[in-house]
Amino acid sequence: MIIPVRCFTCGKVVGNKWDKFQQLIKTKTVKPGEACDQLGLERYCCRRMLLTHAELIDKILQVTPIRAGLN
Ligand SMILES: [Zn+2]
């Protein structure tokens, strides 16, 4: 859905690295593992946070009705 702010296991802040990670792997010249290295994510618990994340928020917002004032 949305990238978690911190690693579930060790608590390192990883949420601020998502945009940079996306930029790096979008070019197809940098492999996802190398992008993690460049971002300073060495532990595999932190690396999995970026490598396994599925960004679904934009798709969910398309089908979720917005009911203003009813929440
Ligand atoms: Zn971690």
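The largest nonpolar core of this predicted model has 8 residues: V14, F21, A35, C36, L41, C46, M49 and L50. A nonpolar core here is a set of buried Ala, Val, Leu, Ile, Met, Phe, Trp, Tyr and Cys residues joined through C-beta atoms within 7 Å. A residue is buried if 20 or more other C-beta atoms lie within 10 Å of its own, exposed if 12 or fewer, and partly exposed in between, with C-beta atoms placed from the backbone. Two elements, α2 and α3, give two or more residues to this core, and the largest share, 3 residues, comes from α3. In soluble globular proteins, nonpolar side chains tend to be buried together.

Before going on, a word on how to read the model. Residues are numbered from 1 along each chain as its sequence is written. Because this is a predicted model, local features need pLDDT of at least 70 and side-chain atom pairs count only at pLDDT 80 or more, while totals for chains, interfaces and linings use all residues.

Let us look at helix α3. Which residues of α3 (residues 44-51) are buried? They are C46, M49 and L50. Seen down the axis of α3, its buried residues fall within an arc of 90°, so they line one face of the helix; the arc is that of the directions from the helix axis to the C-beta atoms. These buried residues pack against α1 (18-26) and α2 (32-38).

Two core residues show who touches whom. Two residues are in contact if their C-beta atoms, placed from the backbone, lie within 7 Å. Not counting residues up to four places away in sequence, V14 touches R6, C7, L41, C46, M49 and L50. By the same count, which leaves out residues up to four places away, A35 touches F21, L24, I25 and V30. V14 also lies 8.2 Å from I3, C-alpha to C-alpha, with their positions 11 residues apart in sequence.

Here are three residues to find in the structure, with their places and surroundings.

| Residue | Place | C-beta neighbours inside 10 Å | Status |
|---|---|---|---|
| V14 | segment before α1 | 25 | buried |
| N16 | segment before α1 | 10 | exposed |
| K28 | loop between α1 and α2 | 6 | exposed |

K28 has another feature: its phi is positive, about 65°, although K28 is not a glycine. Most residues other than glycine have a negative phi, and most peptide bonds are trans. As for N16, its C-alpha is 19 Å from that of V30, and the two are 14 residues apart in sequence.

Now step back to the whole protein. It has 4 helices and 0 strands, and from the N terminus on the elements run α-α-α-α. The radius of gyration is 15 Å, well over the 11 Å that the globule rule gives for 71 residues, so the protein is more spread out than a compact globule. This radius is taken over C-alpha atoms, and the rule is 2.2 Å times the number of residues to the power 0.38. Along the principal axes, the C-alpha atoms fill a box of roughly 45 × 30 × 15 Å. Of the 71 residues, 13% count as buried.

How confident is the predictor? The pLDDT, its confidence in each residue from 0 to 100, averages 89, and 94% of the residues score at least 70. Confidence is lowest in helix α4 (residues 57-63), at a mean of 84, and highest in α3, at 96.

Notes
pLDDT is the predictor's confidence in each residue, from 0 to 100.
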